[in-house]
Amino acid sequence: MKNGRFYEIDLLRFLAALSVLLFHYTFRGAVGGAFTDVSFPELAGATKYGYLGVNLFFLISGFVILMTASGKSARQFVVSRAARLYPAFWCCVTLTFLATLLLGQGRFAVTAGQYLVNLTMLHEPLHVESVDGVYWSLLVELKFYALVFLLVLFGQVRHVKVYLGAWLAAALWLSVHHHRALGGLLIPEYAGYFIAGATFFLIAREGNSAYKTVLLVASYLLTARYALGSQPDYLREHGVHFNPWVDVAAVAAFFVLLYLIATGKTRRFGSSRFVWLGALTYPLYLLHQNLGYMLFNLLGGRVEKHVLLAGVTALILAASWWVHRQIESTYGPRLRALLERALTLAGGLSARLRPGRRWVAKMLLRG
């Protein structure tokens, strides 16, 4: 860690994204021939567990987002998150949309209306299909951001330990009792990761305690409860066997690793060179799935599959670097400045209208 940055987390984020990429390219794409006919049975036995990279993302997000929210106003938090998420997202959605029009070959299709709604990042609540399937996790992240935003808005970040405990208690209850509205808001199947990540940040900032240990143990038990109790439908349909205990063990390793990072045990392994790997992560995650599948389908009959795997991965990494350097680094600060100006103008307008609103209220009360 240097200047408040945990370089080990940059490396972890990249490895998590890479594991998800390998999950899609060497296992998920060929299951039932759904997305591609290029298969890697010699790798799939291990890489089929690469989806756990998303779980690691959620754990890291709990750590990083609480760190980001500390000391910020609600306005600063919203602006920083929007400027971080949207420029790269808009670019990646657009690239995937154009690639689908050119290379979809009937397996992949997208409409202009679908594309435009996806740009909001709120397409799922609007019941519009994702341009790329990986976007599902963005809604989960946005729900977590919304909960943190409420704490920031009402000045409760300093009491975050209490709210983490309350969220965890509610999530444990929801893991047994179905409640559609509360479950949709509190995301019990992923809450354990966010809560544990936030707790690890608190440990990094102020040290451990019995209460934080209880939060971590209960969060882990919650994640294990869901790992042991569910399996995706598409796996059952195609007879793919997953050992849920691999999930349980992997998540335990994630918790141990974050604990070591939070307590400074891995500091000597951190390097500022990991920052550029962390910078690749978000665009890599957004770009890789459908674009990669389409390239596999286009070239699968002409290029040896392992060479194709390496080539497509290298191309996606290069595209991710371009998105970071040309889009995120350029337009993130511009969007931040634009939002700051818009909110300042809105605040000034609201202040000017406030006397008028008081006068109208007074007249209504007299009436």
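Phenylalanine 89 touches seven listed residues beyond its sequence neighbours: Asn118, Leu119, Met121, Tyr135, Leu138, Tyr282 and Leu286, with residues up to four places away left out. Phe89 is also one of four residues, with Leu59, Trp167 and Phe200, that touch the most other members of the largest nonpolar core, a set of 110 residues. The model is predicted. The points below go from the whole chain to single residues.

**Overall fold**

- The protein chain has 14 helices and 0 strands.
- Written in sequence order, the pattern is therefore a run of helices, α-α-α-α-α-α-α-α-α-α-α-α-α-α. The radius of gyration is 22 Å, and the globule rule gives 21 Å for 367 residues, so the chain is as compact as a globular protein of that length.
- Along the principal axes, the C-alpha atoms fill a box of roughly 80 × 50 × 45 Å.
- Among contacts with a separation of 6 or more, 78% join residues that are 24 or more positions apart.

**Surface and charge**

- Of the 367 residues, 47% count as buried.
- The accessible surface comes to about 18,200 Å², and carbon and sulfur atoms account for 66% of that area.
- There are 34 positive and 16 negative side chains in the protein chain. The centres of these two sets lie 16 Å apart.

**The nonpolar core and Leu258**

- In soluble globular proteins, nonpolar side chains tend to be buried together.
- Leucine 258 is found in helix α12, which covers residues 244–262.
- Leucine 258 has a relative accessibility of 0%, so it counts as buried, the cut-off being under 20%.
- Beyond four places in sequence, leucine 258 is in contact with Ile9, Leu12, Leu56, Leu59, Phe63 and Phe200. Leu59 and Phe200 are among the residues that touch the most other members of the largest nonpolar core.
- Leucine 258 and isoleucine 60 are 198 residues apart along the chain, yet their C-alpha atoms are separated by 8.1 Å.

**Leu202 in helix α9**

- Leucine 202 lies in helix α9, made of residues 188–206.
- Its relative accessible area is 1%, so leucine 202 is buried.
- Setting aside neighbours within four places, leucine 202 is in contact with Leu66, Val160, Lys161, Leu164, Gly207 and Lys212.
- One of these, lysine 161, is 41 residues from leucine 202 in sequence and 8.4 Å from it in space, C-alpha to C-alpha.

**Ala83 in helix α4**

- Alanine 83 is placed in helix α4, residues 74–103.
- With 7% relative accessibility, alanine 83 counts as buried.
- Its contacts beyond four places in sequence are Gly332, Leu335 and Arg336.
- Alanine 83 and leucine 126 are 43 residues apart in sequence, and their C-alpha atoms are 23 Å apart in space.

**Gly113 in helix α5**

- Glycine 113 is found in helix α5, which covers residues 112–118.
- Glycine 113 has 41% relative accessibility and counts as partly exposed, because that value falls between the limits of 20% and 50%.
- From glycine 113 to leucine 18 the separation is 95 residues in sequence and 31 Å in space, C-alpha to C-alpha.

**The loop between α5 and α6**

- Methionine 121 is in the loop between α5 and α6, where α6 covers residues 136–153.
- Methionine 121 has a phi near 70°, a positive value in a residue other than glycine.
- At 2% relative accessibility, methionine 121 counts as buried. Met121 is also among the residues touched by phenylalanine 89.
- Histidine 127 is placed in the loop between α5 and α6.
- The phi of histidine 127 is positive, about 60°, although the residue is not a glycine.
- Histidine 127 has 75% relative accessibility, so it counts as exposed, the cut-off being over 50%.

Terms used. Residues are numbered from 1 along each chain as its sequence is written. Side-chain values use heavy atoms; hydrogens and water are left out. A nonpolar core is a set of buried Ala, Val, Leu, Ile, Met, Phe, Trp, Tyr and Cys residues joined through side-chain atoms within 4.5 Å. Buried means under 20% relative accessible area, exposed over 50%, partly exposed in between (1.4 Å probe, protein chains only). Contact means heavy atoms within 4.5 Å. Helices (H or I, at least four residues) and strands (E, at least two) are DSSP runs, numbered from the N terminus. The radius of gyration is taken over C-alpha atoms; the globule rule is 2.2 Å times the number of residues to the power 0.38. Accessible areas come from the Shrake-Rupley method with a 1.4 Å probe; for residues, only the protein chains shown count as cover. Lys and Arg count as positive and Asp and Glu as negative; His and the chain ends are not counted. The place of a charge is taken as NZ of Lys, CZ of Arg, CG of Asp or CD of Glu.
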